[in-house]
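New to this one? Here is a short tour to read with the structure in view.

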Amino acid sequence: MSNEVEKPRRISYLLLTIIIVTLAVSAVALSLALIDVDAQGNIVLKQNIDGSLLLIGGSGFIVSAYMLLQTRRRTMRLEIKEHPVITTIVCQKCGFKNVRDFQRGDYIYKEAEPCPKCNEKTSVTSIYREVEEKH
Amino acid sequence: MLPPQINLDGGDNSLIGWILQIAWLLFFVVFMFYGNRIQLYVMLREIEGSMSRLKIFRDEGRKNAIQTIEELGKPKGDPTARVDQFLEYFALPPQSMDPAGIVWKLEHLLDVMDERFKDEVKIMAPAADMTQTRNIELTLEVALDLNYFYKVVRHFYILGKKTLSLYVIMQLQMVLPLIMRMAEAYRSALKAVTLGQPIGDGAGALVAAKLMQGYEKRKIPKDCVVATVPFEGRTAHIIKAEGPGGNVGKPGDAIKQIIEENEGKIANIIMIDAGEKYEGEEPGEVAEGIGVAIGGPGVDQFKIEETTLKYKIPVNAIKIKEDIGDSISPMRKEISDAVNTAIERIKRVVRERSKEGDTIIIAGIGNTIGIGQ
């Protein structure tokens, strides 16, 4: 069975275009509000900043950046993590413990292969998966 | 150099400044009149994303079922058509206008469904042994559930799109995270049941299996095993569903039979089952209480309650906590480790709630897939 799941595309190109256009317009508004060109052709900070353009540019920039971040976060969440399932086999006589990946046909209390140390019977004592808890 | 001043009295009078201000105003007007419509489309897009994910799960379930049948059952022909028919299987609940006797009607219905599923699997996978048959049956049931999730979400999505009703779409969008959580749990269950791995729901069965190790077992109806074990100076009848195939058995019938074999002389019944935890609680926490600890449609719970009431037998319950996702996914280490804690609790309950020489019943409830005895 394949563990890979085809990732569905969640970001629409239209939404991405709108975000990029908003970002560009906001950048223009911000530059108009803050930057000026002096007589020598140097770029300088405006002495009289245009408040409304600063507001438009700033809010547009924040909103589009947030939306871009949100779409990125959503695609990242789509990945499915699968945790390995472990089988523990214990020798009933000497207590030798063998921990390996689960194999089809394993079940708890199944008689497994003879003990490599004492050649006695071994049995599967537990089958589990380990999960890293996200807090 | 003077610090820059922020001018708030009218703004830039250049053409670009005017265009930007008009665009800003338009943005507000559009949001004022079409805000709901935009919200609706955003929600529909979100549902679409989840739906495509559900479709992937559904297809994976179907593919898995077909592969498992072909691999284990060695069918003569292509089982695809039969699997597709099975995925559309439904069971109509009994009429409850007159609720007297509904338990027996429900039990009959469940028995018929069980038989039908088994027969279907036998036809689809003639070479499968009993354990494999049970696992294939469970794989098909999980695939059926994944198909159901997809179809229900698709139904409401199309309905919402057709009616453009914000409230239909909003309701679906609100429950979608819970549906997706369930669907993802079923998806991981798919792999577990296909391979025959123990699942979280089998915690109770695992406790019983551990207690009956090294003692003689006998089969009791239906699909259960019992072992008579000396336990803390008492005689304990340990009951669990017969493993290692995917099976929950009928613990109601099994407990009733043991009580009747002992002419009602049972000092105490202790039932161990996996129970749903609240968010914030740790998986594998063990709690104790009273009552019949058993899930499902309620038939077994009803039978046990009837029998214990008849003979006035106290019923104690031990719960191993886990969430819905864990209960149908491969068993977590925390739950596997909780078995020893649960056994210690059983010992304490037995010592406190019965006398030496008494006869008791300890029933490990749950799906015994991947757990022998």
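What follows goes through the domains, then a sheet, then the cores.

Keep in mind that this is a predicted model. Both chains A and B come with a division into two domains, and the table puts the two divisions side by side.

| Chain | Domain 1 | Domain 2 | Separation of C-alpha centres |
|---|---|---|---|
| A | residues 13-77 | residues 85-129 | 62 Å |
| B | residues 39-195 | residues 200-364 | 29 Å |

Let's stay with chain B for a moment. Where its two domains touch, domain 1 of chain B brings 19 residues and domain 2 of chain B brings 12. On the domain 1 side, three helices of chain B each supply at least two residues: H3 (102-124), H4 (130-163) and H5 (166-195). H5(B) gives the most, with 9 residues. Sort that side of domain 1 by class and you get 11 nonpolar, 3 polar and 5 charged residues.

Now the overall build of chain B. Its secondary structure comes to 10 helices and 8 strands. Its C-alpha atoms fill a box of roughly 100 × 60 × 50 Å along the principal axes. The radius of gyration of chain B is 28 Å, while a compact globule of 373 residues would come in near 21 Å. Of those 373 residues, 46% count as buried. As for contacts in chain B with a separation of 6 or more, 78% are between residues 24 or more positions apart.

Over in chain A, look for an open sheet. Four strands make it up, in the order E5-E4-E7-E6, and the pairing is antiparallel. At the edges sit E5 (97-101) and E6 (111-112) of chain A, each pairing on one side only. Strand E4 (residues 85-91) of chain A is joined to E5(A) by 5 bridges, and A:Ile89 stands opposite A:Asn98 in E5(A). In general, strands of a sheet pair through backbone hydrogen bonds.

Last stop: the nonpolar cores. Which residues have the most contacts inside the largest one? They are B:Ala208, B:Ile239, B:Met271 and B:Ile362, in a core of 99 residues. Take B:Met271: leaving aside neighbours within four places in sequence, its contacts are B:Val292, B:Ala293, B:Ile294, B:Val315, B:Ala317, B:Ala363 and B:Ile365. Apart from the largest core lies another, of 8 residues, including A:Val25, A:Ala33, A:Leu53 and A:Leu54. In soluble globular proteins, nonpolar side chains tend to be buried together.

Definitions and conventions. Residues numbered from 1 in each chain as written. Chains lettered and ligands numbered in written order. Predicted model: local features only at pLDDT ≥ 70, side-chain atom pairs only at ≥ 80, totals over all residues. Domains from an automatic or database assignment. Core = buried A, V, L, I, M, F, W, Y, C linked by C-beta atoms within 7 Å. Buried ≥ 20, exposed ≤ 12 C-beta atoms within 10 Å, placed from the backbone. Contact = placed C-beta atoms within 7 Å. Pairing = 2+ DSSP bridges. Nonpolar A, V, L, I, M, F, W, Y, C, P; charged D, E, K, R; others polar. Rg over C-alpha atoms; globule rule 2.2 N^0.38 Å.
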